[in-house]
Protein chains: 2
Amino acid sequence: MRRRIIVIGGLAAGPSAASKAKRVNPSAEVLLFEQGEQISYGICEMPYYIAGLIKERRKLIVFTPEEFKEKRGVIAKVHHRVEQVIPGKRKVVVRDLAKDDVVEYDYEKAIIATGSKPRRINLHGEDSQNVFVLKSYDDGMRIREWIEKESPRKAVIVGGGYIGMEMAEALTTLDIETTMLHRSELPMVGLELETRKSVVEQLRNHGVYFVPAVSVKSLARESRPGKSTVTRVITNKGTYDCDLLILSLGVEPNVDVARGAGIALGVTGAIRVDEMQRTRTDNVYAAGDCCEVKNLVNDKPMYLPLATVASKAGWVAGENAAGGRAVFKGAIRAIAVKVFELEVGHVGLSAEEAEVSGFDVMTEIVVGDSRVSIMPGSRTVTVIYVLDRKSRRLLGANLFGGEGVALRANILAVAIQHHLTVDQISQLDLAYAPPFSPLWDPILVAANVSRRGLMRPGGKSE
Amino acid sequence: MRRRIIVIGGLAAGPSAASKAKRVNPSAEVLLFEQGEQISYGICEMPYYIAGLIKERRKLIVFTPEEFKEKRGVIAKVHHRVEQVIPGKRKVVVRDLAKDDVVEYDYEKAIIATGSKPRRINLHGEDSQNVFVLKSYDDGMRIREWIEKESPRKAVIVGGGYIGMEMAEALTTLDIETTMLHRSELPMVGLELETRKSVVEQLRNHGVYFVPAVSVKSLARESRPGKSTVTRVITNKGTYDCDLLILSLGVEPNVDVARGAGIALGVTGAIRVDEMQRTRTDNVYAAGDCCEVKNLVNDKPMYLPLATVASKAGWVAGENAAGGRAVFKGAIRAIAVKVFELEVGHVGLSAEEAEVSGFDVMTEIVVGDSRVSIMPGSRTVTVIYVLDRKSRRLLGANLFGGEGVALRANILAVAIQHHLTVDQISQLDLAYAPPFSPLWDPILVAANVSRRGLMRPGGKSE
């Protein structure tokens with residue numbers, strides 16, 4: 001019998017794992033199950049599709065199941081939900097949602113890539129027709145269709161994280177008056193104070209009404225035959241009208257199947273895996289948003305539901321399930337987001353995380369330019385360094401500004417991942433030309449300022 | 001008596017060294033001599049000033065001598081040419097060009113930052129009024145003034161290197177019909193073949209007439225009272241009319257003063273210095289374009305006349321001359337240039353240099369996108385890797401394309417400087433968002449393709 005590898009989940013890690021497994025072992029049968037309608041689509045692009053910047057929905061799909069079969073040799077079954085993994089019998093129990101039929105499949109190796117699920121607000125009315133999360137292709141299509149059909153004039157977004165930012169920009173682009181309700185004083189929990197202030201300023205400059213420190217109490221509904229919508233969001237800070245309600249409260253690992261199979265979870269609540277993406281259960285691998293990831297800055301497990309990590313870890317799971325010996329060492333957390341005209345990048349630990357991890361933390365902030373300041377198009381770039389005073393290592397950084405932020409964050413990502421000190425960063429030989437950067441790039445200036453800061457006795461740098 | 005530190009040269013390394021020396025030892029007297037009219041100006045910005053993108057010439061000057069005194073505490077004497085350094089007597093002999101007077105100054109430490117000088121073409125007529133090099137503030141001003149006064153319609157640029165590219169763009173922007181004469185088949189010697197082809201295509205697409213494999217035989221002059229200009233450039237490939245002739249044939253180290261003082265030069269012909277920027281002569285430091293630099297990829301001395309290196313080495317020379325113990329480890333060569341709509345980045349060794357350095361060279365080329373391909377504004381980015389098959393290290397890279405090239409080159413600059421393998425590069429955790437990069441950045445794709453290439457037996461990868 002041919003080796004059969006079963007992959008559970010079709011968004012990022014799953015197709016990545018399945019493709020790699022088939023490539024490594026072309027004689028294996030690789031079967032992928034996905035409960036939704038599509039596999040392998042660009043979920044990160046969804047806000048830009050909703051905003052109308054990407055016109056054709058077909059382009060969001062990297063592979064249809066047919067293309068995936070043809071180009072990657074993987075059989076992908078959509079509308080198939082894996083309900084159970086039985087490691088003792090090497091079986092999965094799968095429900096064909098179209099036929100409402102249950103079938104069992106044997107496997108030699110299984111890869112769990114069940115991803116994450118959006119946090120719910122747990123209030124009556126959350127299931128109304130104008131209330132959306134953005135976690136899947138279907139979610140994106142429903143939002144876009146609702147906007148096209150209903151022409152909402154007022155939107156409320158609950159949650160001021162990455163998706164909240166992108167949706168605020170998308171809705172504002174569509175001339176929908178947007179209110180953002182956020183639990184903390186400032187949006188983007190996890191970023192440094194100055195970054196968060198800059199984000200809130202950017203939101204307000206573009207007409208987004210940001211409400212800080214708010215908790216939603218209830219949702220007022222209007223029900224007519226065939227239509228039930230939330231019309232007002234009632235909070236501790238007043239009531240907000242809405243024709244459209246987006247819930248972007250973050251995600252949590254989707255570990256129902258793993259838990260049912262008795263597969264060990266880690267401290268973060270996500271599936272625990274080793275460097276080869278093996279779970280603690282024989283012949284079962286896992287990758288993507290359902291898993292933990294090792295943080296390469298503090299060597300602790302973290303939960304990091306990102307497509308970049310999922311696709312890399314998926315490759316490794318797929319290669320190993322097919323008999324290879326690949327390793328995924330971990331990640332530092334590298335995130336970028338565009339908030340209207342502001343680019344934001346976050347790499348490595350926040351100052352708070354660094355403190356909790358036991359480092360002797362110092363932070364420095366430097367305001368520089370994206371190009372030589374007198375060149376047309378030059379924009380301000382602010383760099384915040386989070387440093388360990390003892391080892392002089394860069395542990396993390398925030399960058400925000402008008403240009404070249406994400407790629408500069410990636411220069412620092414390499415430095416952070418490879419444990420460079422500020423002294424080494426200050427000696428980096430970086431390419432320079434007036435249209436691209438100043439002679440001393442802001443990240444070099446920040447390194448020099450940090451070196452001076454480290455000479456000051458104790459205390460936080462001024 | 002106060003310690004006196006004398007700095008010879010006022011462009012990049014000199015002011016950097018002088019500022020740092022004064023900061024490290026505020027009680028020292030720091031004296032800087034510059035033969036030209038200005039110190040501390042943006043020579044790299046000059047093509048953009050000539051093109052009219054930077055309007056005010058004042059903005060090109062970082063510090064006037066007065067400001068340098070006030071803000072940095074350094075006495076800068078312009079129109080002062082150092083004619084001799086006498087290490088045995090710790091003296092410099094300086095000509096005041098305004099007064100045509102010679103004065104001797106004692107020093108405790110001297111820093112030579114005499115920079116580079118443009119290569120000449122050594123033909124009769126080279127000193128005509130419409131023939132220019134671009135190496136100093138005065139050169140830039142003269143070009144701009146000539147263009148404003150004479151409204152040239154046809155320009156010839158001899159030399160297809162970095163300055164040639166920037167001047168071709170500048171002159172074309174000013175609607176001056178531009179011909180570029182270059183000694184090789186393709187411009188930009190030192191870059192990989194595909195990069196050079198892309199550059200020549202870019203030039204031609206923007207109306208620059210590129211003439212390959214050409215050598216200039218003579219210059220035809222027209223002389224009238226008070227005016228002597230070159231009107232035609234005669235070559236082995238025909239004759240080219242010109243109202244304006246730019247010579248951009250590269251530079252060589254300006255070591256006249258050093259040689260006169262018996263200071264040791266290295267194999268490259270530039271001043272030999274150690275990690276502390278000390279020359280082989282007691283109490284004499286050197287930094288900038290007059291010095292060699294250690295190449296951190298192959299550990300050999302190289303000549304690298306770049307402002308980025310000069311300012312870093314200048315700092316180190318200044319700090320050490322003032323009694324500190326700073327180190328400049330070297331550079332990898334990191335260069336970026338804009339050629340109309342094409343961005344070009346070059347970091348580390350070329351394939352040819354790598355061969356000569358004894359590496360077992362493999363190259364890979366990958367064409368990717370600057371953003372998620374379906375996002376508006378996404379451009380093609382080509383990445384060429386130069387690898388060592390044995391150590392699997394990335395030795396060098398070329399990048400070219402429409403967006404985000406220079407900063408991506410800098411991500412690789414860190415990897416090259418810190419001797420990362422392609423395996424490590426493929427595991428880099430990089431920030432991603434659809435407006436900034438694809439899920440798999442071209443540099444990650446290139447790493448993965450390279451890893452597959454390394455599995456193929458011997459030979460150049462296909």
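Author: A residue is called buried when its relative accessible area is under 20%, exposed when over 50%, and partly exposed in between. The model discussed here is predicted.

Reader: How many salt bridges does the structure hold over all chains?

Author: As a general idea, side chains of opposite charge can pair when their charged atoms come close. Over all chains, the structure holds 60 salt bridges.

Reader: Is R408(B) buried or exposed, and which residue forms a salt bridge with it?

Author: R408(B) has a relative accessible area of 0%, so it falls under the 20% cut-off and is buried. Its salt-bridge partner is D441(B), with the closest N and O atoms 2.9 Å apart. This pair links distant parts of the chain: D441(B) lies in the loop between helix 11 (422-426) and helix 12 (442-455) of chain B, R408(B) lies in helix 10 (residues 405-417), and the two are 33 residues apart. D441(B), at 3% relative accessibility, also counts as buried.

Reader: Which residue of chain A meets R3(A) in a salt bridge, and where do the two lie?

Author: The side chain of E108(A) meets that of R3(A), at 3.5 Å from N to O. Distant parts of the chain are again linked: E108(A) is in the loop between strand 6 (101-106) and strand 7 (109-112) of chain A, whereas R3(A) is in the segment before strand 1 (4-8), 105 residues apart. Both are partly exposed, E108(A) with a relative accessible area of 26% and R3(A) with 23%.

Reader: Which residues of chain A are linked in a network of salt bridges?

Author: The network consists of R81(A), E83(A), R95(A) and D100(A).

Reader: How should the interface of chain B and chain A be read, and what area is buried there?

Author: The size of an interface is often given as the accessible area lost when the parts come together. Between chain B and chain A this buried area is about 5400 Å², and carbon and sulfur atoms give 68% of it. The contact takes 60 residues from each of the two chains.

Reader: How many salt bridges and how many residue pairs in polar contact are found between these chains?

Author: The count of salt bridges between chain B and chain A is zero, while the rule finds 16 residue pairs in polar contact across the interface.

Reader: Which element gives the largest share of the side of chain B that touches chain A?

Author: Helix 10 of chain B gives the largest share, nine residues. By type, the residues on that side of chain B divide into 38 nonpolar, ten polar and twelve charged.

How values were computed: Residues are numbered from 1 along each chain as its sequence is written. Chains are lettered from A and ligands numbered from 1 in the order in which they are written. This is a predicted model: local features need pLDDT of at least 70, side-chain atom pairs count only at pLDDT 80 or more; totals for chains, interfaces and linings use all residues. Side-chain values use heavy atoms; hydrogens and water are left out. A salt bridge is a side-chain nitrogen of Lys or Arg within 4 Å of a carboxyl oxygen of Asp or Glu. Helices (H or I, at least four residues) and strands (E, at least two) are DSSP runs, numbered from the N terminus. Buried means under 20% relative accessible area, exposed over 50%, partly exposed in between (1.4 Å probe, protein chains only). Contact means heavy atoms within 4.5 Å. Buried area is the accessible area (1.4 Å probe) that two parts lose on being put together, summed over both. A polar contact is a pair of N or O atoms within 3.5 Å; within protein, one must be able to donate a hydrogen and the other to accept it, and residues adjacent in sequence count only if both atoms are side-chain atoms. Ala, Val, Leu, Ile, Met, Phe, Trp, Tyr, Cys and Pro count as nonpolar, Asp, Glu, Lys and Arg as charged, and the others, Gly among them, as polar.
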